[in-house]
Amino acid sequence: MTRTTPPRPVDITALFPALSEHSATATRLHPRPGRPTTAESSVGGPLLWPADEAWPVCGDGGTHDTFELETPATVRRRREIYAAAEARAAATGAPYHLTDDEQAELPDADFSEPQDLVNQPIPLVPVAQLYRRDIPDFVGPDGTDLLQVLWCPLDHPEEGYNPRVRLYWRRSSDVAHTLNTPPEPPVVSDSYLPTPCAVHPEQIREHQYGRLLPDELDAQITAWEQDANDDEAEDGHSYQFDLSLAPGWKVGGFANWSLTDPQPMDCAECGTAMTLLFTADSSEWHGTGGSWRPLQDPAGTSSNPTDVSIGRGYALYVFRCPASFDHPPATAMQ
Ligand SMILES: [Zn+2]
Ligand SMILES: [Zn+2]
């Protein structure tokens with residue numbers, strides 16, 4: 001099923017034509033739980049990975065910041081149990097509840113596998129696999145048609161207590177034999193293990209974060225928001241929430257710097273200002289209503305289909321160096 005972002009409540013470029021110079025397209029991925037294959041774009045799905053290429057691992061061992069560690073199997077089983085209970089409640093109209101057997105199978109809330117399990121190479125987990133044909137805002141080295149995003153599913157203090165991201169661009173026709181059974185990490189933070197999702201890409205237009213606009217334009221928009229807020233009949237006049245930047249998993253577009261205000265993102269290799277490549281988000285739309293909820297998703301649909309959670313419900317923005325795809329990515333949590 002395609003997913004369609006509702007029209008913005010207000011056509012902000014009609015009111016502020018200068019904004020068109022500060023806009024960019026983005027591709028919302030609209031991940032939803034599914035059973036993607038290696039031949040398809042996905043979030044948290046299997047990767048088209050060459051059988052003769054080593055699977056990447058993280059060797060940070062004891063420098064990871066660890067708290068509650070679980071095996072991937074435990075995380076998946078817990079999600080299955082919750083999903084089954086939700087499906088029963090939806091089918092019968094009865095209140096959501098777990099059976100005694102389900103309850104007994106769930107680990108205690110503070111359960112953790114031994115912390116020293118991180119003192120071994122930790123295989124990275126698939127975060128996204130994106131084929132150029134599916135993603136209007138795909139960028140990659142000439143000749144490549146596939147971007148694979150992986151991360152180490154543990155907190156890295158030097159990455160702002162986030163997972164460490166690795167990017168791989170490929171030409172899919174170069175992969176003659178696909179790795180059938182990738183290694184799995186012995187333990188993960190459950191927030192960083194995406195539930196396998198099919199994607200339903202949709203290109204939209206975004207406008208730059210307010211504080212990164214020219215001062216005068218930012219001030220004009222803020223004044224207009226203030227006027228609109230004084231009129232209680234008006235709704236959906238928040239530039240930041242409704243009119244500029246889409247929440248959720250996406251490719252391209254702009255970052256929403258509302259947590260810390262804009263931070264310079266300069267390439268560690270060459271100093272060039274970086275551009276936003278990819279976003280993993282804790283939520284696909286704001287709150288329960290949210291003007292970004294696709295038309296095809298009824299109210300009450302989970303806004304976190306991937307089960308990924310970044311910090312306290314934030315997003316992880318992955319930036320690339322426009323000077324070279326070989327330069328390392330950088331991340332920011334917002
Ligand atoms: Zn790691
Ligand atoms: Zn660079």
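The following exercises, each with a worked solution, introduce this predicted model.

The model is predicted, so local features need pLDDT of at least 70 and side-chain atom pairs count only at pLDDT 80 or more, while totals for chains, interfaces and linings use all residues. Residues are numbered from 1 along each chain as its sequence is written, chains are lettered from A and ligands numbered from 1 in the order in which they are written, and side-chain values use heavy atoms, with hydrogens and water left out.

**Exercise 1. The zinc site**

Determine which atoms coordinate the zinc ion (ligand 1) and what arrangement they form.

Step 1. Donors are N, O and S atoms within 2.8 Å of the metal (3.2 Å for Na, K and Ca); water is not among the atoms, so sites may look incomplete. Cys58 (SG), His64 (NE2), Cys152 (SG) and His156 (NE2) coordinate the zinc ion at 2.0 to 2.3 Å.

Step 2. Along the chain, these donors have the spacing C-x5-H-x87-C-x3-H.

Step 3. Four donors count as tetrahedral if all angles lie between 85 and 135 degrees. The angles subtended at the zinc ion are 93 to 126 degrees, and the arrangement is therefore tetrahedral.

Step 4. Residues are buried under 20% relative accessible area, exposed over 50%, and partly exposed in between (1.4 Å probe, protein chains only). Cys58 and His64 are both buried.

**Exercise 2. Salt bridges**

Identify the salt-bridge partners of Arg164 and Asp307, and state where Asp60 and Asp307 lie.

Step 1. A salt bridge requires a side-chain nitrogen of Lys or Arg within 4 Å of a carboxyl oxygen of Asp or Glu. By this rule the count is 17 salt bridges.

Step 2. Arg164 pairs with Asp60, with 2.6 Å between the closest N and O atoms. Asp60 lies in the loop between strand S4 (57–58) and helix H2 (72–92), and Arg164 in strand S8 (residues 162–170), so the pair ties together parts that are 104 residues apart in sequence. Helices (H or I, at least four residues) and strands (E, at least two) are DSSP runs, numbered from the N terminus.

Step 3. Arg164 also forms a salt bridge with Glu159 (3.5 Å, N to O). Asp60, Glu158, Glu159 and Arg164 are linked in a network of salt bridges. Arg164 is partly exposed at 26% relative accessible area, and Glu159 is partly exposed at 24%.

Step 4. Asp307 pairs with Arg79, the closest N and O atoms being 3.8 Å apart. Asp307 lies in the loop between strand S12 (275–281) and strand S13 (315–320), and Arg79 in helix H2, so this pair ties together parts that are 228 residues apart in sequence. Asp307 is partly exposed, at 30%, whereas Arg79 is buried, at 17%.

**Exercise 3. The open sheet**

Establish the strand order of the six-stranded open sheet and name its edge strands.

Step 1. Two strands pair if DSSP finds at least two bridges between them. The order is S10-S1-S11-S12-S13-S14, with antiparallel pairing.

Step 2. Strand S10 (202–207) and strand S14 (330–333) are the edge strands, each pairing on one side only.

Step 3. Within the sheet, S12 and S13 pair in the antiparallel sense over six bridges. Leu316 in S13 is the bridge partner of Ala280.

Notes. Tetrahedral: all angles 85-135°; square planar, octahedral: opposite > 155°, others 65-115°.
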